[in-house]
Amino acid sequence: MQKINIGILTLSDRASSGVYEDKATSQIEKVLNSYIKNEIIYHRELIPDDYDLIIKKLLFLSDEKKCDFIVTSGGTGPALRDVTPEATEAVCDKMMPGFGELMRMQSLKYVPTAILSRQTAGIRNKTFILNLPGNPKAILECLEPVFPAIPYCIDLIGGSYIEANEEVIKVFRPKK
């Protein structure tokens, strides 16, 4: 099995300054560790909600660290400092709006304010980038419906082959 490089970019003014503990990063790792059988090399970044810094870190994780998959957490709401989707769009060659649409549909089952979320996804070279909300509970709620399509998407863009833990989550790849 191939090793998988995964970037986790957590955006939070307060967590990055030590006002409160970052719980999103560990939740993302917990979920991905249960979904993926491959050995995962994580590249973690915790930064404030700053547009230029988000772009810099997304470029670093995709171009220098060669991440197959980057998961962002936070900065997807309507507040003035929430600029993660804009930074993601700025670095991507192609946008994949269906991922955000599905995550919002799923989240609406739990909270009526899910419609305020602006999560999206996109592709930069051989890297798939997915925006998740910052709330640790919402991370699983949003990853679960979209993850079945992620390994095949990464296949299609020339990334590493992700082996799913089929006892936990079923992924879809067309039969050859």
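Q: How do the residues of the lining of the largest pocket divide into nonpolar, polar and charged?
A: A good way to read a lining is to sort its residues by chemical kind. In this predicted model, the lining of the largest pocket has twelve nonpolar residues, 13 polar ones and ten charged ones.

Q: How much space lies in that largest pocket, and which residues are closest to its centre?
A: The space in the largest pocket comes to about 720 Å³. There are 35 lining residues, and G74, T76, P133, G134 and N135 are the closest to the centre.

Q: Which elements give two or more residues to the lining?
A: Look for strand 1 (4-11), helix 1 (13-16), helix 5 and helix 6. Of the elements, helix 6 gives the most to this lining, with four residues.

Q: Let's stay with helix 6, then. Which of its residues are buried?
A: Helix 6 covers residues 136-146, and its buried residues are A138, I139, E141, C142, L143 and V146.

Q: What covers those buried residues of helix 6?
A: Here you look for the elements packed over them. The cover includes helix 2 (24-35), strand 3 (69-73), helix 5 (97-107), strand 6 (127-132) and helix 7 (150-156).

Q: What does the side chain of N135 reach at the start of helix 6?
A: One of its oxygens comes to within 2.7 Å of the backbone nitrogen of K137. You have met N135 already, among the residues closest to the centre of the largest pocket.

Q: How is a pair of aromatic rings described?
A: Two values do the job: the distance of the centres and the angle of the planes. A search of the whole structure finds three aromatic pairs. One of them joins Y35 and F147, with 4.9 Å centre to centre and 45° between the planes, so this pair is tilted.

Q: Where in the chain do Y35 and F147 lie?
A: Y35 is in helix 2, while F147 is in the loop between helix 6 and helix 7, and the two are 112 residues apart.

Q: Why do Y35 and F147 count as they do, buried or exposed?
A: Buried means under 20% relative accessible area. Y35 counts as buried because its relative accessibility is 3%, and F147 is buried, with 0%.

Q: What about the pair of F99 and F128: how are its rings placed?
A: This pair is tilted too, at 4.9 Å centre to centre and 55° between the planes. It links F99 in helix 5 with F128 in strand 6, 29 residues apart. Both F99 and F128 are buried.

Q: Which residues do ring pairs link into a cluster?
A: Trace the pairs from ring to ring, and you find F69, F99 and F128 linked into a cluster.

Technical notes. Residues are numbered from 1 along each chain as its sequence is written. This is a predicted model: local features need pLDDT of at least 70, side-chain atom pairs count only at pLDDT 80 or more; totals for chains, interfaces and linings use all residues. Side-chain values use heavy atoms; hydrogens and water are left out. Buried means under 20% relative accessible area, exposed over 50%, partly exposed in between (1.4 Å probe, protein chains only). Contact means heavy atoms within 4.5 Å. A polar contact is a pair of N or O atoms within 3.5 Å; within protein, one must be able to donate a hydrogen and the other to accept it, and residues adjacent in sequence count only if both atoms are side-chain atoms. On a 1 Å grid over the protein atoms alone, a cavity is a set of points where a 1.4 Å probe fits but cannot get out, and a pocket is an open set with protein on both sides within 12 Å along at least five of seven lines; lining residues have an atom within 4 Å of a point. Grid points are joined across faces, edges and corners, and a volume is the space filled by probe spheres set on the points. Ala, Val, Leu, Ile, Met, Phe, Trp, Tyr, Cys and Pro count as nonpolar, Asp, Glu, Lys and Arg as charged, and the others, Gly among them, as polar. Rings of Phe, Tyr and Trp (its six-membered ring) pair if their centres lie within 6.5 Å; planes under 30 degrees apart count as stacked, over 60 as edge-to-face and the rest as tilted.
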